[in-house]
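Please look over the sequence and the structure shown below. The paragraphs that follow go through them part by part.

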Amino acid sequence: MIAEAGLAALWFAAALAALQLALAAVGVRRSLLSAPLSAGADAKKLPAQRFTGVEDVAVTDQLLSAVRPVAVVQGLLAGLALLLLMVVFVRSDMSVLLVASNSHSDKPLIYKIAGAWGNHEGSMLLWVTILGLAGGAVAVLEHRLQRTTLIATLGAQAMIALGFYAFLLFSSNPFARLNPAPADGNGLNPLLQDPGLAFHPPTLYIGYVGISVAFSFAVGALVTRDVGPAFARAMRPWVLGAWIFLTLGITAGSYWAYYELGWGGWWFWDPVENASLMPWLAATALLHSVTVLATRDGLRAWTVMLAVVAFSMSMIGTFLVRSGILTSVHAFAVDPKRGAFILVLLALYIGGALLLFAARVGTVRQGSTFEPVSREGALVANNLLLSVILGIVLIGTLYPIVAAGMGVQLSVGPPFFDKTAGPIALLLVAIMGAGPLMRWRRDNANAVLGRMTVPVAATGVTLAAFAALGGGMGILPLLGLSLAAGVGAASIAPLWKRDLRRTPLFTWGMVIAHLGIAVSLAGMASDSAFTQQTLVAARIGEPHRVGPFTVTLEHIRPVIGPNWSALEGTLTVRRGEAASFTLRPQSRFFASPPTVTSESAIATKLDGQLYTVLGQEDEQGRWQLRLWWKPFVTLIWLGGALIALGGALSLLGRVRRERRVAAREEEA
Amino acid sequence: MKAKHQRLTLALLAVAAVSGAALLALSALKDQAAFFYAPGDVRKDGLPIGRAVRLGGMVEAGSIAKLPDGISIRFIVTDGVAKVPVAFKGIVPDLFREKSGVVAEGSFNPDGSFTATNLLAKHDEKYMPPEIAGKMHETKSLEQ
């Protein structure tokens with residue numbers, strides 16, 4: 001019964017999405033017909049209330065009051081469907097096909113719940129749920145946008161949702177029954193049985209879907225020719241929110257791959273990783289261009305274009321991961337028919353948006369101009385470089401697929417991306433340091449150079465120090481470390497001589513996010529420059545050295561977990577005179593499906609991580625041990641967390657300022 | 001600068017940047033076209049000695065030999081056309097075994113053997129990297 005109720009909720013949600021789209025279409029049409037003068041450039045000079053005229057306000061108000069609850073209920077119904085799917089998973093109802101093929105009654109509760117989205121159908125349901133709830137949130141929270149634009153935005157949102165409902169209902173029904181029901185399920189891929197993976201997909205999906213809201217805003221604004229600073233200010237919090245979650249998702253995903261796969265690397269240029277990096281790059285560019293639009297009324301067409309591109313990237317990401325077209329360490333192969341379905345959706349949405357863009361771009365008039373040496377100039381450079389990196393990653397990710405279509409098998413790996421994207425990323429980081437030290441509109445090149453003295457000196461000193469002492473360091477790590485020092489100094493420079501308590505929250509946000517990039521960069525460079533490793537066949541009781549540590553394998557012992565058994569090594573680790581501590585790497589066996597995984601054991605110290613992996617036993621009773629000492633590797637993810645924190649502070653600061661402005665307007 | 005001129009400049013800059021990126025990517029991809037090898041390719045393409053490449057195929061039955069140091073192994077990768085001996089020092093992936101798919105990252109030696117720095121194995125019983133499936137098909141049909 002529960003599964004049927006879930007399916008019914010999905011059908012109702014889909015019907016409401018159709019209704020939402022129809023209402024929005026009618027509303028926008030009537031509103032545009034009765035207010036033909038509402039061309040973008042004039043609209044920005046008039047407050048939203050006055051511009052459509054008295055009569056139309058009544059019409060749009062009525063329609064809005066109809067569309068809003070529809071959007072909310074649609075989101076809630078999708079949420080209900082997901083909730084019911086989770087219930088089915090928790091109860092291990094094996095008569096549901098999805099549960100039988102992806103879950104097992106022995107699984108710990110948290111992975112039963114996470115199992116609901118640890119598969120193709122469930123993750124698509126999660127996608128559409130977040131989309132629906134986000135649409136509901138827009139309907140309730142958004143008051144700054146012009147009314148007609150808001151209706152058009154909700155219509156665009158409903159159109160995206162409809163495609164995904166169709167996808168779920170016609171080709172990926174998560175509630176399909178299985179008859180006869182097996183006694184036990186297949187189990188979840190053990191690599192996915194990890195707390196990181198339980199929360200990773202929802203985080204990334206919130207990011208993807210947040211970008212879809214920005215896309216809907218852009219479509220709405222194109223439909224009503226309302227691209228201007230007010231629109232940018234309304235869109236910015238959504239872009240920021242999506243970007244925060246994408247940042248968190250990528251950071252968490254990187255850390256998961258680092259400890260779970262046991263290779264000791266933090267980024268593999270795997271297509272699935274690229275699928276999340278590409279929307280992030282586009283969203284980062286969008287975040288900066290929307291600021292130019294909101295603050296200085298520049299880059300109008302470019303910003304709208306970026307919103308379309310960013311959404312395309314999140315759709316391409318979904319397509320790549322879910323179509324089974326890729327070879328990936330994540331290996332989520334599903335049937336190609338579904339890939340085709342997503343591809344068609346992709347073509348419809350992106351093609352439609354691009355057509356609309358082409359048709360309306362003429363009406364999006366150019367805003368203010370600026371000088372090359374200015375904050376805007378730096379932001380344009382940032383946008384161009386981000387787009388270039390995005391282009392490179394996109395080509396590198398799609399090229400093998402295109403080549404496969406032409407009958408050539410090849411794979412594109414880290415050497416390609418490191419060589420192409422690496423240097424451009426370093427250039428981008430350098431510009432990132434300079435940008436916040438420039439004034440809006442026009443600045444003096446000499447004055448900017450003056451403000452850059454300390455950061456440039458910091459870069460130079462670090463470069464000289466490491467070149468002298470670092471002996472044989474690679475050029476990229478060397479540049480990375482010195483740039484990190486300079487950019488770190490440049491990031492906090494905007495706070496210089498300011499009253500810190502009076503500094504607006506969003507300035508803090510920018511400072512902390514940029515500092516996070518510097519911190520992350522320092523971690524990456526340090527990891528590639530200073531990592532030491534030892535690989536040994538260890539006898540019990542025999543000490544081995546790695547970096548500043550002495551590691552001794554004490555014994556190997558079997559352990560039993562909820563749905564696995566393992567051989568666990570006990571390692572005693574000493575560092576100089578300090579007290580010893582213990583690490584317990586495991587080799588785990590899962591019965592269903594039959595799999596072996598290595599569980600690394602990691603000790604985190606202030607100056608880095610000791611990473612240990614247990615391998616197999618040989619005929620002489622020796623155990624393979626891999627030991628890594630990775631100085632300051634933790635900075636990579638600490639930086640990621642700082643970037644997200646900076647985003648969150650910015651968001652909070654913007655929302656608070658908007659509130660204050662709104663309150664002041666009400667008083668006046 | 002007039003608004004119109006500025007827009008034109010920006011558009012030109014954007015076009016230049018993006019085509020620059022495409023050119024950079026494509027020139028780097030030229031090398032990458034020879035990044036993935038199957039044993040059968042070695043005969044027809046010649047060896048890219050010392051360059052980081054991937055070698056993909058099946059681990060030949062009975063070919064895995066453990067060396068006395070306890071951490072090195074040797075095995076043979078085959079695609080039904082040719083065989084390449086591979087040496088690897090490290091912990092093998094959990095699903096590395098005979099008669100199953102493997103992708104070895106590393107470089108060729110002048111004698112035609114391969115030194116792997118990393119091994120990627122299939123993740124479950126059904127999984128075979130499409131690259132390998134495709135390569136085997138391609139090199140086999142070349143032989144016929």
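Where in chain B is B:Lys99 found? B:Lys99 is in the loop between β5 (83–89) and β6 (101–108) of chain B. This is a predicted model, and the predictor gives the complex an ipTM of 0.77 and a pTM of 0.89. In the model, B:Lys99 has a phi near 60°, a positive value in a residue other than glycine. With a relative accessibility of 63%, B:Lys99 counts as exposed.

Chain A offers a second example of such a backbone angle. A:Ser92 is not a glycine, yet its phi is positive, at about 50°. A:Ser92 belongs to the loop between α4 (53–90) and α5 (97–102) of chain A. Is A:Ser92 buried or exposed? A:Ser92 is buried, its relative accessible area being 15%. A further backbone feature of chain A concerns a peptide bond: the one from A:Asn179 to A:Pro180 is cis, with omega near 0°. A:Pro180 is part of the loop between α8 and α9 of chain A. As background, most residues other than glycine have a negative phi, and most peptide bonds are trans.

The rest of chain B can be taken next. Chain B contains 3 helices and 7 strands. Starting at the N terminus, the order of its elements is α-β-α-β-β-β-β-β-β-α. Chain B has 144 residues, and 48% of them count as buried. If one takes the contacts in chain B between residues at least 6 apart in sequence, 56% of them join residues at least 24 apart. The area exposed by chain B is about 7100 Å², with 60% of it supplied by carbon and sulfur atoms.

How far to trust this chain residue by residue is a matter of confidence. The mean pLDDT of chain B is 76, and 78% of its residues reach 70 or more. The pLDDT is below 50 over residues 123–144 of chain B, a stretch that has 51 contacts in the model beyond near neighbours in sequence. Where pLDDT is low, the predicted coordinates should not be read in detail.

Back in chain A, helix α8 (residues 147–171) comes before the loop that holds A:Pro180. Helix α8 has 25 residues, and the distance from its first C-alpha to its last is 36 Å, close to the 36 Å expected at 1.5 Å a residue. Of the 25 residues of α8(A), 20 are buried, so the helix is largely enclosed by the rest of the structure.

A single residue gives a local view of packing in chain A. A:Leu306 sits in helix α12 (residues 300–322) of chain A and is buried, with a relative accessible area of 5%. Which residues does A:Leu306 touch, not counting residues up to four places away in sequence? They are A:Ala285, A:Leu286, A:Ser289 and A:Asn383. A:Ala285 is 21 residues from A:Leu306 along the chain, and the C-alpha atoms of the two are separated by 7.4 Å.

Aromatic rings provide another way to follow the packing. Over all chains, the structure holds 23 aromatic pairs. In one of them, the ring centres of A:Phe217 and A:Trp238 are 6.4 Å apart and the planes are at 35°; the pair is therefore tilted, since tilted pairs are those whose planes are neither under 30 degrees nor over 60 degrees apart. A:Phe217 lies in helix α9 (residues 195–223) of chain A and A:Trp238 in helix α10 (residues 229–260) of chain A, so the pair ties together parts that are 21 residues apart in sequence. A:Phe217 is buried, at a relative accessible area of 0%, and A:Trp238 is buried too, at 18%.

Another pair is formed by A:Tyr258 and A:Trp637, whose ring centres are 4.6 Å apart with planes at 50°, so this pair is tilted. It links distant parts of the chain, with A:Tyr258 in helix α10 of chain A and A:Trp637 in helix α20 (residues 635–667) of chain A, 379 residues apart. Both A:Tyr258 and A:Trp637 are buried. Ring pairs also join these two with A:Tyr255, A:Tyr259, A:Tyr611 and A:Trp628 in a cluster.

Rings in chain A also have charged groups placed over them. The charged end of A:Lys605 sits over the ring of A:Phe581, at 4.0 Å from its centre. Over the ring of A:Phe506 sits the charged end of A:Arg654, 3.7 Å from the ring centre.

Definitions and conventions
Residues are numbered from 1 along each chain as its sequence is written. Chains are lettered from A and ligands numbered from 1 in the order in which they are written. This is a predicted model: local features need pLDDT of at least 70, side-chain atom pairs count only at pLDDT 80 or more; totals for chains, interfaces and linings use all residues. Side-chain values use heavy atoms; hydrogens and water are left out. Rings of Phe, Tyr and Trp (its six-membered ring) pair if their centres lie within 6.5 Å; planes under 30 degrees apart count as stacked, over 60 as edge-to-face and the rest as tilted. Helices (H or I, at least four residues) and strands (E, at least two) are DSSP runs, numbered from the N terminus. Buried means under 20% relative accessible area, exposed over 50%, partly exposed in between (1.4 Å probe, protein chains only). A charge sits over a ring if NZ of Lys or CZ of Arg is within 6 Å of the ring centre and within 35 degrees of the ring normal. pLDDT is the predictor's confidence in each residue, from 0 to 100. Contact means heavy atoms within 4.5 Å. The expected span of a helix is 1.5 Å times one less than its number of residues. Accessible areas come from the Shrake-Rupley method with a 1.4 Å probe; for residues, only the protein chains shown count as cover.
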